[in-house]
Amino acid sequence: MGRQRHSPSGPAAVARSVRQTQSAKLRLLDIGCGTGRFLGQVKQVWPRLPCIGLDLSEPYIDYARQHLRRWVLTNFLVANAEAIPVADATCDAVTSIFMFHELPPPVRRTIFRECARILKPGGRFVVVDSLQLGDRPDYDGLLHLFPQHYHEPYYSTYISENFEDIAEASGLTPVRHFNAFVSKVMVFDRPGSGASSVLGSRTAADVREKYDPGGVHHQERAESSWRHM
Ligand SMILES: C[S@@+](CC[C@H](N)C(=O)[O-])C[C@H]1O[C@@H](n2cnc3c(N)ncnc32)[C@H](O)[C@@H]1O
């Protein structure tokens with residue numbers, strides 16, 4: 001759905017999730033990382049944040065390794081996100097950028113369960129993907145047209161998928177979602193707090209004020225739903 005998808009939604013969403021002062025102690029996993037473009041943006045903001053990029057495609061991971069070679073604390077895995085080779089409760093943040101629209105519905109559910117498994121209590125899962133039906137009703141026609149022009153066999157199920165239900169069935173709590181042009185950012189937390197919590201004891205409003213004063217996405221958030229904001 002175009003280059004606009006990465007900016008500013010992805011890094012901004014993670015920015016609101018991760019305390020800069022704790023970044024060296026946190027661990028972020030980007031599933032379906034592709035060529036590592038998003039991780040490159042993350043490392044520009046937090047050079048010492050330990051990051052792992054995971055993708056099914058070895059050629060993409062090879063490219064990502066090369067592309068991100070100047071950054072420390074950056075590792076890669078060629079693996080299936082349906083069976084993430086990472087121990088339980090060891091990640092503070094998991095991200096997925098434009099992968100879910102490519103997946104069959106049962107695989108979406110399997111991957112959500114995997115993300116819930118590997119997140120620490122209080123950890124956060126941020127999904128950036130296409131808008132869905134009803135997010136911007138004037139774009140609904142465009143969303144229906146997209147899979148007719150490109151080979152996107154699962155897109156038509158994606159645009160009506162209920163990610164709040166998937167998250168809850170996986171043990172994750174939907175926090176908020178907002179639109180960013182043709183993209184949509186969805187935020188989920190693994191319940192629990194404690195030392196590993198990326199949000200600590202702060203409220204979502206505190207985080208918004210610190211990382212998005214005045215609200216770059218104020219309008220989008222005003223239109224967003226889910227119950228925690
Ligand atoms: C549209 S690309 C997005 C890549 C990257 N996140 C970006 O925004 O540039 C989707 C990526 O998901 C990966 N992918 C698809 N299914 C996967 C799975 N089950 N496990 C891991 N990666 C997967 C693909 O190999 C591809 O690199």
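**Figure 1. Strands β6 and β7 sit side by side in this predicted model, running antiparallel.** The two strands are joined by 7 bridges. To pick out one of those pairs, find F178, whose bridge partner in β7 is V185. How many residues lie between β6 and β7 in their hairpin? There are 2, and F181 in the turn has a positive phi of about 55°.

**Figure 2. Strand β7 has its other antiparallel partner in β5.** Here too the count is 7 bridges. One pair to look for is D129, which stands opposite K184 in β7. Strands in a sheet pair through backbone hydrogen bonds, and they can do so either parallel or antiparallel.

**Figure 3. Strand β7 is covered on both faces.** On one side you'll find S183, V185, V187 and D189, and on the other K184, M186 and F188, all of them buried. Why is β7 described as largely enclosed by the rest of the structure? Because 7 of the 7 residues in the strand, which spans residues 183–189, are buried. A residue earns that label when 20 or more other C-beta atoms lie within 10 Å of its own.

**Figure 4. Zoom out a little, and 7 strands make up one open sheet.** Reading across it, the order is β3-β2-β1-β4-β5-β7-β6, and the pairing is mixed. Which strands are at the edges? They are β3 (74–78) and β6 (173–180), each pairing on one side only. From one strand to the next, the twist averages 15°. Besides its 7 strands, the protein has 9 helices.

**Figure 5. Strands β4 and β5 pair in the parallel sense.** Strand β4 covers residues 91–97, β5 covers residues 119–130, and 6 bridges link them. C91 is a handy landmark, standing opposite L119 in β5. Helix α4 (residues 105–118) packs on the sheet here, touching β1, β4 and β5. Its direction makes about 145° with that of β5.

**Figure 6. Strands β1 and β2 run parallel, joined by 4 bridges.** L28 has C51 as its bridge partner in β2. Like β7 in the earlier view, β1 is covered on both faces. L28 and D30 are buried on one side, with L29 and I31 buried on the other. Helix α2 (residues 37–45) lies across β1 (28–31), β2 (51–55), β3 and β4, and it runs at about 175° to β2.

**Figure 7. F125 is one of the residues with the most contacts inside the largest nonpolar core.** That core has 49 residues, and L29, V94 and C115 join F125 on the list of best-connected members. What does F125 contact once neighbours within four places in sequence are left aside? The partners are V94, C115, L119, L172 and F188. Across the whole protein of 229 residues, buried ones make up 39%.

**Figure 8. L131 is found in the loop between β5 and α5 (140–149).** Is L131 buried or partly exposed? It counts as partly exposed, because it has 19 C-beta neighbours inside 10 Å, while 20 would be needed for buried. Not counting residues up to four places away in sequence, L131 touches R136, Y139, L143, N179, V182, S183 and K184. L131 and A180 are 49 residues apart in sequence, yet their C-alpha atoms are 8.5 Å apart in space. Contacts across the chain like to reach far in sequence in this protein: among those between residues at least 6 apart, 75% join residues at least 24 apart.

**Figure 9. Around the ligand there are 17 residues, and G34 is among those that come nearest.** The others on that list are G32, L56, A81 and I97. Sorted by class, the shell has 9 nonpolar, 4 polar and 4 charged residues. G34 itself lies in the loop between β1 and α2. With 19 C-beta neighbours inside 10 Å, G34 counts as partly exposed. Leaving aside neighbours within four places in sequence, G34 is in contact with D55 and Y60. Look for P59 too: it is 25 residues from G34 along the chain, and their C-alpha atoms are separated by 9.0 Å.

How values were computed:
Residues numbered from 1 in each chain as written. Predicted model: local features only at pLDDT ≥ 70, side-chain atom pairs only at ≥ 80, totals over all residues. Near = placed C-beta within 6 Å. Nonpolar A, V, L, I, M, F, W, Y, C, P; charged D, E, K, R; others polar. Pairing = 2+ DSSP bridges. Axes fitted to C-alpha atoms, helices over the stretch in contact; angles between N-to-C directions. Contact = placed C-beta atoms within 7 Å. Buried ≥ 20, exposed ≤ 12 C-beta atoms within 10 Å, placed from the backbone. Core = buried A, V, L, I, M, F, W, Y, C linked by C-beta atoms within 7 Å.
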